[in-house]
Amino acid sequence: MTTVQNWVFFIALSLIIWSCSKQEMPELDGYQAPPGFPEMAIPADNAFLAERVELGKALFFDPILSVDSTRSCASCHIPAFAFSDTTAFSLGVEDRVGTRNSPSLANVGYQLALLREGGVPTLEMQVLVPIQEQHEFDTNILDVAQKVNQVPAYKALSRMAYDREVDPFVITRALAAFQRTLISGNSRFDQWSFQGNWNALSPSAIRGLDLFQSDRLGCASCHNGFLFTDQSFANNGLYEDYADPGRYRLTGIESDRAVFKVPSLRNVAVTAPYMHDGSLKTLREVVQHYQSGIQDHPNKSPLLRTFELTDGETNDLINFLKSLTDEEFLQNPMYHQE
Ligand code: HEC
Ligand code: HEC
């Protein structure tokens, strides 16, 4: 999708398909928020049911959603890499190359606004994006629904999950329900901070955490809270000239040009390459960028600092970032294809 018109189309279509009232659920019905995490807001009409999650999971891994049945959601959102991809730009149908790096879907149910410019408000609505996108599935939700409804197992599961035939409502809801279960909150950092396991973090990682939170580096002025993002949008000085307009694409406001969502840093050690365009390949390159690579851009955030780290401090900071990896999440059979 490249134009504002497409967004307008999505929103118009979604108004037809959805009534998106959000409401707090007291419990996640088996998907308890981890220590330190708030309750997730679940749309009233898409409460967790095992059948819904099961259907969403099956669809997530099924190439049936793409026009030529070659690519699935999991082609670009790979479970072992916290549901991100390992290349800068993922390949869609006919190996068409996308324009942005695939983000991790860990804890995506907590994201207040989806996509790197934050243009899509709900996971239900977001499903339309890859289905329609020319370099992703290149099809449309009505054709997909028809195709999926011809598979007896899906037809039956759809009845159990939503009490109706497979249609756009069912596909978008089921995929959203599955994605809300992708909760990752058991990294070594979590064990250390919330579970009383004082040995979970090495002394180096603890020094790295201190650096991360220090005024000198200022990382936590944007990467804070339980997801290590305040979910704001910022320019972090990658280029003087950006190929990608960022949030400007959504708002058309000049101060939003080259401004992107602050990503969560959970599982960041396995989600390389980094940034909206996958231009930084390692955590070391990221630290280098913040230390000495910040470029002047009119929208560059005033929260960025200039600092110099010793080699030891660089290692400490990287060890802290690595402590945000949740091995249990990466290996959880619940999130992998059977
Ligand atoms: C060809 C690769 C590709 C496929 C296939 C794909 N995605 Fe993505 N996904 C991406 C990219 C790239 C982005 C970031 C796009 C952007 O910011 O404009 C993204 C973004 C997302 C986001 C937003 C995450 C956030 O934090 O903002 C969600 C949710 C998502 N995808 C879910 C899905 C689902 C569900 C499917 C299958 C129906 C799917 N994706 C298929 C590449 C892909
Ligand atoms: C002004 C807010 C801000 C500050 C301060 C900041 N970041 Fe970021 N960070 C961002 C934004 C925005 C992005 C995404 C940029 C993009 O998509 O091109 C990002 C991306 C990253 C990524 C890549 C994540 C991914 O999955 O691609 C890492 C790692 C990171 N920052 C670590 C740090 C560290 C370490 C510091 C401190 C030295 C720091 N950040 C300071 C806003 C900030």
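In the predicted model, the C-alpha centres of domain 1 and domain 2 are separated by 26 Å. The two domains span residues 4-183 and residues 188-329 of the protein chain, respectively, and the contact between them involves 34 residues on the side of domain 1 and 25 residues on the side of domain 2.

The surroundings of ligand 1 comprise 25 residues, of which Cys73, Cys76, His77, Leu115 and Arg116 are the closest. When these surroundings are sorted by residue class, 12 nonpolar, eight polar and five charged residues are found in the shell around ligand 1. Two helices, helix 3 (73-76) and helix 4 (123-126), each contribute at least two residues to this shell. His77, by comparison, is placed in the loop between helix 3 and helix 4, and its NE2 atom, at 2.1 Å, is the only protein donor of the iron atom of ligand 1.

Several polar atoms of the protein also approach ligand 1. A polar side-chain atom of His77 is found 2.9 Å from a nitrogen atom of ligand 1, while for Gln126 the separation between a polar side-chain atom and a nitrogen atom of ligand 1 is 3.5 Å. On the side of the ligand oxygens, an N or O atom in the side chain of Lys261 lies 2.8 Å from an oxygen atom of ligand 1.

Around ligand 2 there are 24 residues, and those that come nearest are Cys219, Cys222, His223, His276 and Tyr290. The shell around ligand 2 is made up of 16 nonpolar residues, seven polar residues and one charged residue. With regard to polar atoms, a backbone atom of Met275 lies 2.8 Å from an oxygen atom of ligand 2, and an N or O atom in the side chain of His276 lies 2.6 Å from an oxygen atom of ligand 2. A nitrogen atom of ligand 2 is placed 2.6 Å from an N or O atom in the side chain of Tyr290. Strand 4 and helix 12 are the elements that give two or more residues to the shell around ligand 2.

Leu265 occupies a position in the loop between strand 4 (260-261) and helix 12 (283-293). Leu265 counts as buried because its relative accessibility is 11%, which falls under the 20% limit for that class. Beyond its neighbours up to four places away in sequence, Leu265 touches Phe212, His223, Leu227, Phe228, Leu321 and Leu324; one of these contacts is with His223, a residue that is also listed among those nearest to ligand 2. Although Leu265 and Leu227 are 38 residues apart in sequence, their C-alpha atoms are 6.7 Å apart in space.

Asn101 is located in the loop between helix 3 and helix 4 and, with a relative accessibility of 4%, is counted as buried. Residues up to four places away in sequence being set aside, Asn101 touches Thr87, Ala88, Phe89, Arg116, Pro273, Met275, His276, Asp277 and Gly278. With Thr87 there is in addition a polar contact, in which the backbone oxygen of Thr87 lies 3.1 Å from a polar side-chain atom of Asn101. Among the other residues touched by Asn101, Arg116 is one of the closest to ligand 1, whereas His276 is one of the nearest to ligand 2. Between Asn101 and Leu321, which are 220 residues apart along the chain, the C-alpha separation is 20 Å.

Some features of the backbone geometry remain to be described. Most residues other than glycine have a negative phi, and most peptide bonds are trans. The peptide bond from Ala272 to Pro273 is cis, with omega near -5°, and Pro273 is found in the loop between strand 4 and helix 12. Glu94, although not a glycine, has a positive phi of about 50°, and for Asp95, likewise a residue other than glycine, phi is positive and near 55°. Glu94 is in the loop between helix 3 and helix 4, and the place of Asp95 is also in the loop between helix 3 and helix 4. Glu94 counts as exposed because its relative accessibility is 59%, and Asp95, with a relative accessible area of 53%, is exposed as well.

Terms used. Residues numbered from 1 in each chain as written. Chains lettered and ligands numbered in written order. Predicted model: local features only at pLDDT ≥ 70, side-chain atom pairs only at ≥ 80, totals over all residues. Heavy atoms only, no water. Near = heavy atom within 4 Å. Polar contact = N/O pair within 3.5 Å; in protein donor to acceptor, adjacent residues only side chain to side chain. Helix = DSSP H or I, 4+ residues; strand = E, 2+ residues; numbered from the N terminus. Nonpolar A, V, L, I, M, F, W, Y, C, P; charged D, E, K, R; others polar. Buried < 20%, exposed > 50% of the residue type's maximum accessible area, 1.4 Å probe, protein only. Contact = heavy atoms within 4.5 Å. Donors = N, O, S within 2.8 Å, 3.2 Å for Na, K, Ca; no water. Domains from an automatic or database assignment.
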